Amino acid sequence: MDNVWLHAKGEIWDPIIQTLQKKKYWGKVIKRTERPLIHELEEIKKNVDLPEQIAKNQYIFYEKLHEKMYILLNNLIRKTDWGTDRYNSSPFHELSNMVKIYSDFYTIYLFKEKISLVIFFISPHMGWDNILYETAKFFNIKTLLLDQSHIPNKFFHYFNFTDYGTFSTSRILDNLTEYKIEKKIEKDWFYTRKKPDIRSKLSQLTFNKLLSITRVKNYINRFIEKNDYLRLIKEFSSRERRAQSFFRFYIERDYKKELKKYIQTEYSLKEKYVYFPLHRAPEKSTSSWSGVYLDQILALEKLSRLIPDDWFIYVKENPGQTGASRGKLFFRRLKLIPNLVLTPLDANTFELTRNAQFVATIVGTVGWEAITGGKNILIFGWGAWYKMLPGVFQFREDLNFNDLVGKKVDHTMLQKKLATLINKCGTGIIHGQWINQSPETFSMEENTISVVRSLIKILYS
């Protein structure tokens with residue numbers, strides 16, 4: 001029986017936990033995604049004495065974390081009390097202190113609760129969850145990482161962080177020989193659908209829903225967040241946020257001004273070009289799986305050297321981007337790249353994909369859209385879930401350019417390879433947001449049965 005630290009949130013996990021406890025697979029379960037706070041560490045240090053060897057290894061572990069400091073600090077700065085997209089300008093040394101506090105907290109807490117299994121319902125990408133993962137690995141506690149798949153009602157599982165995309169540590173759970181997928185670039189992702197305007201949404205609320213103050217507050221807050229001036233007034237009225245309210249205001253204003261300055265409305269789909277849609281930053285995929293290409297312009301600079309001089313690179317900004325990761329120098333670096341065109345925000349991504357010679361990305365979903373539509377994809381990051389499928393080329397300095405532009409995607413082989421990948425997937429929804437993938441068919445009871453069955457096969461079969 002495992003004592004489990006479950007890095008997961010949402011009601012979807014409660015019946016799963018209860019079922020696995022009833023079946024005697026799990027004992028104590030700590031379900032938590034919140035970052036540790038300094039007062040929690042102060043309290044736990046008063047009540048827990050670590051064995052001498054673990055206390056000694058605690059410092060060795062912290063020194064090893066310094067090897068991963070770049071990715072840890074990047075992840076820590078992306079999530080503040082003001083949200084993922086709002087800088088709070090924490091000094092470098094303050095972020096470094098966070099790393100030590102979090103590593104100490106997890107070391108003591110995992111020992112205190114005798115945790116034997118740590119599970120993540122999504123790939124670590126917030127900084128403190130990365131440290132939780134590294135702590136478990138250092139002290140030889142079993143880890144299981146999960147991630148919802150773009151394949152309906154399927155989730156990935158892997159036991160080592162760097163195995164995402166390769167899935168060599170994943171268990172085979174099914175025996176499909178082929179998985180039918182329409183040969184088509186266009187996809188209808190639930191998370192890219194246009195959200196209704198707040199005013200129309202409010203007008204549709206029932207009387208009972210209007211009684212929910214929290215619900216109304218959320219609608220109002222989202223409306224305020226979309227307006228720079230309203231957000232400035234809101235932040236300036238808060239003593240805690242006031243000091244940096246103008247700082248964040250001008251970050252957003254400067255970003256919009258620079259973006260407008262560099263967008264080119266004149267471009268032709270008849271030219272020879274590579275399509276490269278930018279990732280929203282900060283974002284889980286680039287924070288987790290991009291490696292050095294967290295610097296997206298580095299990928300564009302290398303792409304520019306790879307293609308012929310008379311080709312173009314059509315770059316499209318992510319419609320959900322804010323100023324948090326796009327300063328003036330970002331756009332100045334873009335301008336230095338020859339034949340790079342920054343397309344308008346309303347440019348059709350499917351048309352840009354269809355007419356490109358090939359598509360390039362760090363690890364984006366555009367790669368899946370491309371290969372299912374018969375278009376080759378060049379990826380720069382190490383962690384694309386589809387990277388082992390036909391039509392996918394991983395960037396390297398000695399990449400054969402003729403293979404990249406000359407080979408065609410074999411759709412029949414794609415369907416067979418996809419089946420091999422799906423055979424390593426669990427069944428069910430593990431992240432509540434993904435219920436929106438097919439809300440009309442979702443059943444909490446059936447989902448619990450499916451996820452529990454998959455977890456037992458993965459962990460205990």
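The legends below accompany close-up views of a predicted model.

**View 1. An open sheet of six strands.** Let us begin with the sheet, whose strands follow the order β2-β1-β3-β4-β5-β12 with mixed pairing. The edges belong to β2 (26–31) and β12 (426–427); each has a single partner strand, so one side of each lacks a neighbour in the sheet. At the β12 edge, β5 (residues 154–158) pairs with β12 in the antiparallel sense through two bridges. Look here for F155, which stands opposite G426 of β12.

**View 2. Helices packed on the open sheet.** Helix α1 (residues 14–22) packs on the sheet and touches β1 (2–7) as well as β2. The direction of α1 makes about 160° with that of β2. Helix α5 (residues 92–112) also joins this view, lying across β1, β2 and β3 (117–120). Relative to β1, α5 runs at about 150°.

**View 3. Strand β6 and its enclosed surroundings.** Here we turn to β6 (residues 273–277), where five of the five residues are buried, so the strand is largely enclosed by the rest of the structure. Y273, Y275 and P277 point one way from β6, while V274 and F276 point the other way. Both sets are buried.

**View 4. Parallel partners of β6.** Strand β7 (residues 312–316) runs parallel to β6 and is joined to β6 by five bridges. Strand β9 (residues 358–361) is parallel to β6 too, with two bridges between them. V274 is a handy landmark for this view: its bridge partner in β7 is I313, and its bridge partner in β9 is F358.

**View 5. The two faces of helix α15.** In α15 (residues 328–336), the buried residues F330, F331 and L334 come into focus. They lie on the same side of the helix because they cover an arc of only 90° around the axis. Turned away from that buried side is a face with the exposed residues L329, R332, K335 and L336. The cover over the buried residues of α15 includes α12 (245–262), α14 (296–306) and β8.

**View 6. The surroundings of T343 in β8.** Strand β8 (residues 340–343) returns in this last view, now as the home of T343. Is T343 buried or exposed? T343 is buried, because its relative accessible area is 0%, below the 20% limit for a buried residue. Leaving aside residues up to four places away in sequence, T343 touches I263, Q264, Y267, Y314, V315, K316 and L352.

Methods
Residues numbered from 1 in each chain as written. Predicted model: local features only at pLDDT ≥ 70, side-chain atom pairs only at ≥ 80, totals over all residues. Heavy atoms only, no water. Helix = DSSP H or I, 4+ residues; strand = E, 2+ residues; numbered from the N terminus. Buried < 20%, exposed > 50% of the residue type's maximum accessible area, 1.4 Å probe, protein only. Contact = heavy atoms within 4.5 Å. Arc of directions from axis to C-beta. Pairing = 2+ DSSP bridges. Axes fitted to C-alpha atoms, helices over the stretch in contact; angles between N-to-C directions.
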